[in-house]
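Thanks for coming, everyone. Let me put the structure up, and then we'll walk through two sheets.

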Amino acid sequence: MSKIVKINIISGVEWIEIPEAGLKLLCGCPSDVIKHIMKRGLIAPAETDGVPYETGPNALLLSDLMLQGGGFSNLAEFPIFQMFYRQGLLLPNHPNNTGKKPLLVGSREQVDAQIRYIHRGNYGLVSEREILEAGISPRWAKDLMRMKKFFTGGSIKPADTFLDTCIIEQGKVEFFPEVFINRQKTNIFEITYKEESVTVDLNLTGSQSYPSPYPINYFNLQRDYFSVIHSGIGDGWDVNRPSLSSIIIYQGGVYLVDAGPNVVNNLVALGIGINEIEGIFHTHSHDDHFAGLADLIRGDRRIKYYSTSLVRASVTKKLAALLNFEEEQFTEFFEVHDLKYDAWNSVCGLEVKPMHSPHPVESVIFIFRTLWEGGYRSYGHFADIAANSILQSMVVEDDKKNGISKAEYQRVISNYLLPVDLKKLDIGGGFIHGEAVDFREDKSKKKVLGHIDRLLTRNEKEIGSGAPFGTIDTLIQNYQNHFWRYANDYLTSYFPNAMAYQIKSLLNNPIVTFNPEEIILREEEVNETIFLVLSGNVELLSPSNDAVNILYAGSILGEMSGVYHRQSTTTYRAMSYVKALSIPCNLYIEFVTNNDMYSILEKYQEQRDFMRNSWLFGEGLSYGTQNRIAHVMESFTLLEGEEIIPEKDNPSIYFIISGSVERFVGASVLETITTHDVFGEELMLFGIPGLFRLRVSAPLVAYKIPHDTIKQIPIIRWKLLESYNKRSRGWMESEIGEKHLLQWHEEFSVTVDDMDDHHKKLFSMSEEVIRAVAWGDIKVAERALFFLIDYAQFHFHAEEEMLEKHEYPELAQHKRIHERLIETIRQLQKELTRNKFQTSVNVGLFLKDWILTHILTEDQKYAHFLEKKGSA
């Protein structure tokens with residue numbers, strides 16, 4: 001009988017159980033993974049000495065890649081919380097609290113990122129200084145820390161206080177008694193126990209993404225003047241329902257309240273595409289309200305982000321920890337709008353008041369209102385509130401003790417009981433959630449109860465209502481057709497030179513509805529109608545590749561085949577209920593003729609066909625965005641052997657149509673870039689020229705696309721970041737990377753002689769550490785690391801002094817990176833002492849990553865700055 005049990009959970013997630021060793025290893029932890037393993041029966045109720053609890057994993061294997069399929073691959077917060085609180089590993093006097101800690105297994109980069117992210121998930125902002133930096137007064141900052149420390153038991157502890165970790169890079173490592181793991185290549189691992197072995201593959205391939213744990217019906221929803229669509233009433237443990245969230249429709253605009261796991265699947269079911277979302281109102285940073293943020297980036301414009309400065313700071317720090325980027329980069333993906341506490345903030349006429357709510361992380365409740373006949377219509381969204389009994393226990397008279405003042409308690413209760421027309425309430429109970437009984441006397445017209453993983457009790461049913469997914473509460477009825485307005489907005493923006501009467505002739509056509517999974521236009525059909533998508537999601541299926549690209553509102557379907565009376569080269573299929581303006585081809589042809597657009601259509605046809613079938617441009621781009629990109633795309637050719645020197649003054653990315661390009665360091669090839677791949681993205685992502693030299697290895701035909709055209713398109717930035725992270729991981733693991741990334745090459749120069757000399761010394765010292773570990777001489781390795789730390793601190797200080805002298809605008813974040821690097825090297829020194837590293841490769845991969853991400857990336861930023869300034 002096999003000693004190792006292996007179960008595939010979903011694509012990119014597996015379960016390894018070795019009963020004899022006591023190991024239950026969850027391999028991969030994307031959002032809602034806990035719900036998936038609950039549904040498979042791998043988490044089950046149990047009881048010991050009359051104490052109920054759940055079974056579950058005791059170790060997590062992290063993906064090597066933070067991003068896959070457009071979403072987060074590693075979100076360990078809820079799996080860890082399940083171990084802490086539902087298994088009882090952290091609960092006082094619980095039979096499972098034996099001193100054993102949950103174990104995180106993975107690369108140093110991902111383990112460190114998860115430690116920082118879990119820390120932020122537990123605590124949010126962790127000091128008065130961080131709260132003050134969010135623009136809060138000193139007095140309130142002290143009060144907020146007193147409140148926070150009440151929830152945290154009096155102190156804020158590093159996440160690794162409660163977690164064990166095992167760093168694996170390459171080579172066999174014992175991570176559990178008699179259980180070994182060996183990374184074979186990125187995201188592929190061999191796990192061995194005694195004489196048995198199994199292989200675990202955490203990669204997603206092609207168009208795969210992580211599926212939702214629950215099925216949802218499709219809805220064909222109306223767009224009211226002011227209404228609330230109930231998009232979630234469950235919590236992070238509810239296996240059948242999405243987490244607590246809402247969608248507000250105001251004057252036809254779509255606004256999310258929170259973005260929990262699987263938000264895109266939920267939106268598809270409701271017939272809403274990413275490009276239709278105006279903004280998100282965010283209550284706080286726990287994963288069941290946060291994990292969907294990555295999905296909101298999958299459009300062609302930045303979605304507006306609305307919350308208070310405190311919540312935004314907490315969310316930004318958590319996202320930055322997760323993705324290992326700087327907090328300032330948050331604005332590259334979202335358009336930030338900070339709201340004032342306890343005041344009515346106008347958002348395109350919709351008034352919103354955020355109010356502080358006591359919680360371990362920074363949290364707000366929202367009331368939304370708009371004026372109508374007879375007064376205001378209002379909606380209150382109260383997620384993750386505190387029960388009255390907990391709030392009462394927090395009241396202290398001494399402002400030196402942890403808790404809240406009596407005045408603060410009265411203010412919070414008064415805010416909780418403000419009457420509105422519709423109020424959605426968290427009644428999850430326990431230490432950090434509300435109770436239904438607290439709202440029995442609430443004078444609101446309708447109360448909706450949620451944030452639970454169970455049915456309402458008899459008493460709760462007497463207090464408030466339920467709200468199944470997709471139900472709507474209409475606060476102000478609609479008397480206009482928003483879809484014709486959408487159509488007019490799209491057409492006038494796409495064809496700015498067309499006369500108004502010509503646009504109106506196109507608008508005077510029916511708006512049709514396609515059912516989910518219905519084919520709109522089939523490959524090889526000659527269509528008589530061209531469709532302008534107004535809502536919903538459409539799949540584009542191309543015979544030339546296996547990718548499934550998703551189109552949103554604003555896309556025009558069947559334009560070229562309709563105008564030229566030829567067969568369609570692709571199939572368009574509704575993923576949800578889809579509404580589209582149905583324009584007869586003959587009418588559209590007349591419109592094209594009258595506006596002399598044939599030459600433009602022909603000019604852009606090749607570029608748009610290319611974009612439509614590419615992994616980078618095929619998804620989420622509207623017709624207008626595609627045209628803007630097509631307008632500036634230039635094709636070019638180069639011969640084999642030619643070296644490519646990207647233009648610094650006119651930075652571009654390059655997309656290969658045919659041929660290949662070698663990325664090389666010294667005289668060795670690090671990577672070969674082939675058809676349908678890109679290069680030159682470093683300047684857009686990191687603000688630096690390419691790290692390595694480029695040479696044509698087979699006759700090249702490629703498109704050149706200026707950064708300025710695409711750098712503000714979130715989905716393109718996100719896909720390039722995902723692709724770059726995967727490739728850079730490959731560089732570090734390659735045989736060439738192992739040999740050359742710790743050797744100095746002239747292309748690594750920052751063009752400042754003193755700094756280059758420092759870097760050469762750091763390279764040399766890093767090689768000394770690796771050699772010492774390879775020889776098995778831990779004492780020599782420790783001494784070498786001590787000197788490396790000492791010299792790194794000297795170098796960082798000199799570098800910071802130089803950058804301050806030249807008024808480098810990113811000096812503050814550069815200093816933060818230095819602090820993290822020193823902290824990480826010190827941790828490496830401790831692990832060497834404990835002999836956790838089994839091979840020199842582990843140390844080498846860390847040092848290569850340090851060199852690649854700091855010296856060859858971050859330091860190249862200031863080199864580029866000094867060169868432009870003329871100071872180098």
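In what order do the four strands of the open sheet run? The order is S11-S12-S13-S14, and the pairing is antiparallel. A quick word on the source: this is a predicted model, where local features need pLDDT of at least 70, side-chain atom pairs count only at pLDDT 80 or more, and totals for chains, interfaces and linings use all residues. Residues are numbered from 1 along each chain as its sequence is written, and side-chain values use heavy atoms, with hydrogens and water left out.

Now some terms. Strands (E, at least two residues) and helices (H or I, at least four) are DSSP runs, numbered from the N terminus. Two strands pair if DSSP finds at least two bridges between them.

Back to the sheet. Its edges are S11 (173-176) and S14 (196-201), each pairing on one side only. Twist averages 35° from one strand to the next. Angles run from 0 to 180 degrees between N-to-C directions, with axes fitted to C-alpha atoms, for helices over the stretch in contact. S13, residues 188-193, joins S14 by six antiparallel bridges. Within that pair, Phe189 has Val200 in S14 as its bridge partner.

On to the second sheet. Seven strands form this open sheet, ordered S20-S19-S18-S17-S16-S15-S27, with mixed pairing. S20 (334-339) and S27 (472-476) each have a single partner strand, so one side of each lacks a neighbour in the sheet. Here the twist averages 20° from strand to strand.

S19, residues 303-308, runs parallel to S20, with six bridges between them. Ser307 has Asp338 in S20 as its bridge partner. Helix H8, residues 309-323, lies across S19 and S20, at about 115° to S19. Contact, by the way, means heavy atoms within 4.5 Å.
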